[in-house]
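I opened this model to look up its helices, one surface patch and a few contacts that are distant in sequence. My entries follow in the order in which I worked.

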Amino acid sequence: MEMTTALWSFALVVGLLTLTPGLDTALILRTSALGHRRQAWGVVLGIQTGTLLWGALTSAGVTALLTASQLGYEILRWAGAAYLVWMGVGMLRSRAHPEPEDGDGAPADTPAGGFVPGWRRGLLTNLLNPKVGVFYVAVLPQFIPAGAPHFAAGVALTCVHVVEGLLWSTVLVGFAQALRGWLRRPAARRAMDRVTGLAVVGFGVKLAVSD
């Protein structure tokens, strides 16, 4: 298989994965819809940073330890589940507070809605999900052409996934920003936090009980 063919084939596979609604989608929509633009893009870039790290570690052969070590996988799985439940419970307990508005009448970004906290949240959500690592261990090597530099080819394929993730995230952020007017209302913000919080807790519980 030529590298060009491998790139297009991998793009199709991870493109379908990217479009599938999941935890990443919920976090991006919730953060952006509440008007925290910088934090939303922090979440997006944090998730993609995690994806790039998983791809690089897989290309270097490190993440194969997840499939070889049951203990290592279980530690990462339970850490990820605990983090998701903690984050989801925090959303469920949150309440709408008046926020300063920007020149367009939309809630301005506050320190809590900054880029770095969003990036950290996106990164941890991605890295503490062992299923992402297992996906890369199982799928990525199949698309690396025989004779190609393993690490370089693996990182190049991962970059395809990152680019698709950024493009789809741009659509999600734009869609969520269109809902800001409705979400200025405290009741709507509470509803958004509770729906997303339940979804995040559900993901955490699913990760905890899955085999």
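Before looking at the surface I noted how a patch is built: patches are made of residues with over 30% relative accessible area and no salt bridge, like charges being joined within 9 Å and nonpolar side chains (Val, Leu, Ile, Met, Phe, Trp, Tyr) within 5 Å. A salt bridge here is a side-chain nitrogen of Lys or Arg within 4 Å of a carboxyl oxygen of Asp or Glu. Accessible areas come from the Shrake-Rupley method with a 1.4 Å probe, and for residues only the protein chains shown count as cover.

I also wrote down that this is a predicted model, in which local features need pLDDT of at least 70 and side-chain atom pairs count only at pLDDT 80 or more, while totals for chains, interfaces and linings use all residues. Residues are numbered from 1 along each chain as its sequence is written, and side-chain values use heavy atoms, with hydrogens and water left out.

**Entry 1, overall fold.** I looked up the secondary structure and found ten helices and zero strands in the protein chain, where helices (H or I, at least four residues) and strands (E, at least two) are DSSP runs numbered from the N terminus. Of the 211 residues in the chain, 45% are buried, a term that means under 20% relative accessible area, with exposed over 50% and partly exposed in between (1.4 Å probe, protein chains only).

**Entry 2, the nonpolar patch.** Which residues make the nonpolar surface patch of about 420 Å²? I found Trp41, Leu45, Phe115, Val116 and Trp119 there. The elements giving two or more residues to this patch are α3 (37-59) and α6 (115-127), and α6 gives the most, with three residues. Phe115, which lies in α6, counts as partly exposed because its relative accessibility is 35%.

**Entry 3, helix α2 and its neighbour.** I then turned to α2 (residues 23-33), which is mostly covered, nine of its eleven residues being buried; among them are Leu23, Leu27, Ile28 and Arg30. After α2 comes Gly35, which has a positive phi, near 95°.

Two packed helices are described by the angle between their axes and the distance between the axes. For the axes I used lines fitted to C-alpha atoms, for helices over the stretch in contact, with angles running from 0 to 180 degrees between N-to-C directions. The axes of α2 and α3 come within 8 Å and cross at roughly 160°. α2 is therefore roughly antiparallel to α3, given that angles under 35 degrees count as roughly parallel, over 145 as roughly antiparallel, 65 to 115 as roughly perpendicular and the rest as oblique. Their crossing is left-handed, meaning that the near helix is turned anticlockwise from the far one by less than a right angle, whereas clockwise would be right-handed.

**Entry 4, α1 against α8.** The axes of α1 and α8 (residues 150-177) come within 9 Å and cross at roughly 40°, so α1 is oblique to α8; this crossing is right-handed. Is Ala11 of α1 (residues 3-19) buried or exposed? I noted it as buried, because its relative accessibility is 13%. The C-alpha atoms of Ala11 and Thr158 are separated by 9.3 Å, although these residues are 147 apart along the chain. Trp8, also in α1, is exposed, with a relative accessible area of 66%, and its C-alpha atom is 8.9 Å from that of Val160, 152 residues away along the chain.
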